[in-house]
Amino acid sequence: MTALSMSARTRKRAIERGLDVLTWLVLFVMVAPVLWLVASSLQTDGNLARGTYDLLHPTFTAFRDMWSTVEFSRYLVNSLIICTAAALLATVFASTAGYALARYKFRGSGTFSIALIGTQLIPGSMFLLPVFLGMVWLGRHTPIHLFDTRVGMIFVYTAFFTPVAIYFLRSFFLAIPAELEDAALVDGCTPFGAFWRIVLPNALPGLVATFVYAFMFAWDELLFVASLTEHNAETLPIGMRNFIGNYSQDYGQLMAAGVVSTLPVMLAFFATQRWLVRGLQAGAVKG
């Protein structure tokens with residue numbers, strides 16, 4: 001083995017070790033806030049105020065008290081219902097529209113596809129006042145009451161995420177060979193039967209990725225839920241904000257609430273991680 005080849009191998013090994021160190025460094029920077037959140041949730045308010053963390057003697061007092069301080073269970077139930085329903089509806093609507101854009105050519109299909117992306121260029125805050133006024137008007141002049149209701153928030157989140165979900169799923173459907181549907185049609189399936197039995201099972205990773213993404217979007221949203229709810233349909237972001245009031249600051253309970261509110265998202269992510277990776281890889285094949 002020549003000195004030149006040994007030098008090249010040594011340089012390659014050094015680069016690999018450097019990349020490993022950089023990867024661990026970036027991972028630590030990303031995980032550090034989560035570790036700090038968990039550690040803070042196991043401290044008393046006195047320790048947090050003084051900045052003296054006693055990691056050897058953790059306490060779960062904050063986890064016990066947070067459920068009654070701001071009715072945390074009500075916020076958690078509202079978030080689970082609203083976010084799950086909105087993500088499910090957005091995925092269902094986007095699956096049919098995305099399939100139509102991927103498989104059928106009709107007048108205006110290109111313009112419609114571009115318009116879907118155009119909706120994402122408009123700041124969401126610009127829709128806040130029209131949506132608020134529309135809900136108030138409906139409540140006063142019709143039997144339809146959407147303001148401060150779970151149904152109203154489900155409609156809002158479904159409407160906001162459906163356009164980008166359609167664009168995502170269109171890419172997933174484009175990655176599925178059309179020959180599979182042709183073979184199903186030859187075997188006697190109807191177009192809807194081919195869509196239901198062939199396309200959707202093959203697009204399952206994309207459907208899961210879209211659902212999880214929509215769920216996470218609705219789970220963390222604060223602006224609209226703070227403006228369109230008062231009591232009945234408030235979600236976790238509102239509950240988190242209520243731990244800090246004008247006359248009291250329950251930082252320990254706030255940290256504990258942050259840990260509890262993060263768990264459903266983490267569980268959903270890790271449970272569907274394999275599907276998410278497959279869905280993103282499938283969607284990147286064709287656009």
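Which residue's side chain does glutamate 71 meet in a salt bridge? The partner is arginine 74, and the N to O distance is 3.7 Å. I will come back to that pair, but one caution before going on: this is a predicted model.

I start with the salt bridges. Searching the whole structure turns up four of them. General background for that: side chains of opposite charge can pair when their charged atoms come close.

Back to the opening pair. Glutamate 71 has 43% relative accessibility, so it counts as partly exposed. Arginine 74 counts as buried, because its relative accessibility is 18% and the cut-off for buried is under 20%. The pair also belongs to something wider: a network of salt bridges links Glu71, Arg74 and Glu234. Glutamate 71 has a backbone feature as well. This residue follows helix H3, and its phi is positive, near 50°.

Next is the salt bridge between glutamate 181 and arginine 103, where the N to O distance is 2.5 Å. What does this pair tie together? Glutamate 181 sits in helix H8, residues 178-186, and arginine 103 sits in helix H4, residues 72-103, so the salt bridge ties together parts that are 78 residues apart in sequence. Is glutamate 181 buried or exposed? Glutamate 181 counts as buried, because its relative accessibility is 7%.

Helix H4 also holds leucine 101. Leucine 101 is buried, with a relative accessible area of 6%. How far apart in space are leucine 101 and phenylalanine 173? From C-alpha to C-alpha the figure is 9.1 Å, while in sequence the two residues are 72 apart.

Now helix H3, residues 61-69. Which residues of H3 are buried? They are Ala62, Phe63 and Met66. These three cover an arc of only 95° around the axis, and therefore they lie on the same side of H3. Turned away from that buried side is a face carrying the exposed residues Arg64 and Ser68.

Arginine 64 brings us back to salt bridges. Its side chain meets that of aspartate 65, at 3.1 Å from N to O. Arginine 64 has a relative accessible area of 58%, and because exposed means over 50%, it falls in that class. Its partner, aspartate 65, counts as partly exposed at 26% relative accessibility.

Moving to the loop between helix H6, 128-141, and helix H7, 150-174, I want to point out aspartate 148. Its phi is near 60°, which is a positive value in a residue other than glycine. As for its surroundings, aspartate 148 is buried, with a relative accessible area of 9%.

Last, the N-terminal part of the chain, beginning with helix H1, residues 3-41. Arginine 17 lies in this helix. Which residues form a positive surface patch with arginine 17? The others are Arg9, Lys12 and Arg13. Arginine 17 itself has 48% relative accessibility and so counts as partly exposed.

Leucine 27 is in helix H1 too. At 40% relative accessibility, leucine 27 counts as partly exposed. From leucine 27 to aspartate 45 there are 18 residues in sequence and 29 Å in space, C-alpha to C-alpha.

Aspartate 45 is found in helix H2, residues 45-50. This residue is partly exposed as well, at 39% relative accessibility. Compare aspartate 45 with threonine 91: these two are 46 residues apart in sequence, and their C-alpha atoms are 42 Å apart in space.

To finish, here are two items to look for on the screen. One is the network of salt bridges that links Glu71, Arg74 and Glu234. The other is the pair of glutamate 181 and arginine 103, whose side chains meet in a salt bridge. Keep in mind that both come from a predicted model.

How values were computed:
Residues numbered from 1 in each chain as written. Predicted model: local features only at pLDDT ≥ 70, side-chain atom pairs only at ≥ 80, totals over all residues. Heavy atoms only, no water. Patch = residues over 30% accessible without salt bridge, like charges linked within 9 Å, V, L, I, M, F, W, Y side chains within 5 Å. Areas by Shrake-Rupley, 256 points an atom, 1.4 Å probe, with all protein chains shown as cover. Salt bridge = Lys/Arg side-chain N within 4 Å of Asp/Glu carboxyl O. Lys, Arg positive; Asp, Glu negative; His and termini not counted. Charge placed at Lys NZ, Arg CZ, Asp CG, Glu CD. Helix = DSSP H or I, 4+ residues; strand = E, 2+ residues; numbered from the N terminus. Buried < 20%, exposed > 50% of the residue type's maximum accessible area, 1.4 Å probe, protein only. Arc of directions from axis to C-beta.
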